[in-house]
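Open the model in your viewer and keep the sequence panel visible. The stops below say what to select and what is found there.

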Amino acid sequence: MNRRTALNFSSFLFIFLFFSPLFISCGNSQRAGDSFNSLGAVPTKWSKYLAAGSVSATLDVYRNNGKHELTEALNVDLTNGVVTADPFSLPTGDTYRFLITFYYTLSNGDSIPYAYADFRALIDELSEQVRFSENDIRYSYDTSNPEVTASISDGVLPNLDDDSDGWNNWEELRDKANPQDGNSIPQNPQVTVSGKQDSGANTATITVTATDNARVEDLRLIDPICGVTTLGDSSTNNSDGSVTRTLRVRLDLLSVGANPRLLQALASDGVTQSQNANSSLDFSISGNSSQPYFVFTDPPINGELEGPIVFKGVACSRNNINVSSIKFLNQEIDQFGFTGARNEQTGDFHVQSTAVDTTLLPDGKTTLNIELQDISSKKGNGSGDFEVVNDSPIKMITMRFILIFIPISFLFA
């Protein structure tokens, strides 16, 4: 070996020995995050309660033995509901605990933790990145979980109730209460109801107003028995923070019962429990008895249907209902009828169907139509929109093919 060859070999050997630990370390690492891809998802509804740009998040990673591995600052995009991270690597061959804490910055600069995501993932040579979903996000603790209890005592999990008043920070932030003041707590929305019958008509104009220190999520008027058939509906956000909803309703479709009618206003802000405002409105029902009608009660309107479903509802009329005359009009399920019992006090029938195979319905939004007839032979109807989420026929055929093909393929292996 000549001198030049020896020098080249010595240089190569020095470089290899010097950098081999780095090569080994990189070979035993796996990228677990990518700034160009979503690390996870957050509810886009957060932007309704929390000002854009005031939300931040941090990621802490722990090894399976509890050793803290790294801390990373995350980027929260409320508009698109995603969380991203700059690239980071973790040694493979271990299951890691990923703890993401979300903070909201108050006007005084304090960052209040209001939610966290706590999940585990095995990092091996096949791992590309870790992800979490909205289902992994928690706003309070499951104190029955021993690991959670230990994490609270160790200071691993964030304090989600800064003022220890029993309301978590998220609930207080949503209701514009101060999470650092024990005397500042979420309030139920306050509801008032007023209304009068339209002159010479079987309709009425009902006004429902709900006041809340945050915002009212849901404001509606119901007849506790059969519901209210609404002819018109408008909602106004007032300058004082209250919400007013004005409805025009059909009086002759209100369920059987003596006047005055008891109508109920329901308001919910999504934080506190619904506030009910009962209002006895003395309407004089004029005109002839109306046609019967049907109201779905379960599954709720716009709910999802999958597999065999039992439908429940209330059949309403100013005359007795012949329950045997209640049936689906839809061609796919017209063989199903209803059974039930009459409420002697109100005259309404609370009924339910036999199990309906919703795979007979096409996927997507569908309207189910009901026909009914009362004892005086007056016919009426009812309908409800639902979302059918059964597997498509193509997918089902593909799955059957896989289930059949795999066992047969082993016979020829």
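Which backbone nitrogen does the side chain of D175 reach? Select D175 and Q187: the side chain of D175 comes to 2.8 Å from the backbone nitrogen of Q187. This is a predicted model, in which local features need pLDDT of at least 70 and side-chain atom pairs count only at pLDDT 80 or more, while totals for chains, interfaces and linings use all residues. Residues are numbered from 1 along each chain as its sequence is written, and side-chain values use heavy atoms, with hydrogens and water left out.

**Stop 1: around D175**

Stay on D175, which is found in the loop between α4 (169–174) and β10 (190–197). Helices (H or I, at least four residues) and strands (E, at least two) are DSSP runs, numbered from the N terminus. Show the contacts of D175 next (heavy atoms within 4.5 Å). Apart from neighbours within four places in sequence, they are P186, Q187, D212, N213, A214, D269 and V271.

D175 is buried and has no salt bridge. Buried means under 20% relative accessible area, exposed over 50%, and partly exposed in between (1.4 Å probe, protein chains only). A salt bridge is a side-chain nitrogen of Lys or Arg within 4 Å of a carboxyl oxygen of Asp or Glu. For D175, the nearest side chain of opposite charge is R174, 7.5 Å away; Lys and Arg count as positive and Asp and Glu as negative, with His and the chain ends not counted.

**Stop 2: from R174 to the rings**

Select R174 and Y49. The charged end of R174 sits over the ring of Y49, 4.1 Å from the ring centre. The rule for this asks for NZ of Lys or CZ of Arg within 6 Å of the ring centre and within 35 degrees of the ring normal.

Now turn to the aromatic pairs. Rings of Phe, Tyr and Trp (its six-membered ring) pair if their centres lie within 6.5 Å; planes under 30 degrees apart count as stacked, over 60 as edge-to-face and the rest as tilted. The count comes to 19 aromatic pairs. Add W170 to the selection: its ring centre is 5.8 Å from that of Y49 and the planes are at 85 degrees, so this pair is edge-to-face. Y49 belongs to helix α2 (residues 46–49) and W170 to helix α4, so the pair ties together parts 121 residues apart in sequence. Y49 and W170 are both buried.

For a tilted pair, select F328 and F338, with 5.3 Å from centre to centre and 45 degrees between the planes. F328 is in strand β21 (residues 327–328) and F338 in strand β22 (residues 338–342), so parts ten residues apart in sequence are tied together. Both of these phenylalanines, F328 and F338, are buried.

To see a cluster linked by ring pairs, select W46, Y49, Y96, F98, F102, Y114, F119, F132, Y139 and W170.

**Stop 3: salt bridges**

How many salt bridges does the structure hold? There are five. Begin with R63 and E69, whose closest N and O atoms are 2.9 Å apart. R63 is partly exposed at 21% relative accessibility, and E69 is partly exposed at 27%. Add D94 to show a network of salt bridges that links R63, E69 and D94.

Move to R97 and D118, which meet in a salt bridge of 2.7 Å, N to O. R97 is in strand β7 (residues 94–105) and D118 in strand β8 (residues 111–123), 21 residues apart. Is R97 buried or exposed? At 9% relative accessibility, R97 counts as buried, whereas D118 is partly exposed at 23%.

Then select R120 and E147, a salt bridge of 2.3 Å, N to O. R120 is in strand β8 and E147 in helix α3 (residues 146–153), so the pair ties together parts 27 residues apart in sequence.

**Stop 4: T105**

Select T105 in strand β7. At 30% relative accessibility, T105 is partly exposed. Beyond residues up to four places away in sequence, T105 touches S54, D110 and S111. The C-alpha atoms of T105 and V55 are 6.5 Å apart, with these positions 50 residues apart along the chain.

**Last view: the whole chain**

Zoom out to the protein chain, which has five helices and 26 strands. Of its 413 residues, 39% are buried.

Key. A polar contact is a pair of N or O atoms within 3.5 Å; within protein, one must be able to donate a hydrogen and the other to accept it, and residues adjacent in sequence count only if both atoms are side-chain atoms.
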